[in-house]
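Student: I'd like to learn how to read backbone and helix-packing features off a model. Could you walk me through one?

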Amino acid sequence: MRSGQKAISQKTNKKMNGSYKMDRSICKKRVKTVIVEHLCVEPELVKEKATFEGDLDADSLDIVDLLLALEEEFDIELNESLVKSIVTVKDVIDHIQRETK
């Protein structure tokens, strides 16, 4: 994670039950930025319903690389077995929100 980014991300999280939960709109923006940068797609294509293989033309290797970038962005660990369960952008956002509780 970039210097100072963790402090910024904690400011944008809401405290819930003694831990921080990331605001969905902020999570969505950050996920979209990573997707645009790593898959080289136009921002307009990155919608929650967009599928990685169909709409964003990503293969399983692209998705693994994307998961690694998301791990760094959100300072979390994602299991590579998620590759099969992640079909849409919404799937990624939902999973990151569960991991950042």
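Student: Is the crossing of α2 and α3 right-handed or left-handed?

Tutor: Quick ground rules: this is a predicted model, where local features need pLDDT of at least 70, side-chain atom pairs count only at pLDDT 80 or more, and totals for chains, interfaces and linings use all residues. Residues are numbered from 1 along each chain as its sequence is written, and side-chain values use heavy atoms, with hydrogens and water left out. Helices are DSSP runs of H or I, at least four residues, numbered from the N terminus. The crossing of α2 and α3 is right-handed, meaning the near helix is turned clockwise from the far one by less than a right angle.

Student: At what angle do the axes of α2 and α3 cross?

Tutor: In general, two packed helices are described by the angle and the distance between their axes. Here the axes of α2 and α3 cross at roughly 135° and come within 10 Å. Axes are lines fitted to C-alpha atoms over the stretch in contact, with angles from 0 to 180 degrees between N-to-C directions. So α2 is oblique to α3 (not under 35, over 145, or 65 to 115 degrees).

Student: Which residue in the loop between α2 and α3 has a positive phi?

Tutor: Most residues other than glycine have a negative phi. C40, not a glycine, has a positive phi of about 55°, and sits in the loop between α2 (24-39) and α3 (60-74). C40 is exposed, at 68% relative accessible area (exposed is over 50%, buried under 20%, partly exposed in between; 1.4 Å probe, protein chains only).

Key:
Helices (H or I, at least four residues) and strands (E, at least two) are DSSP runs, numbered from the N terminus.
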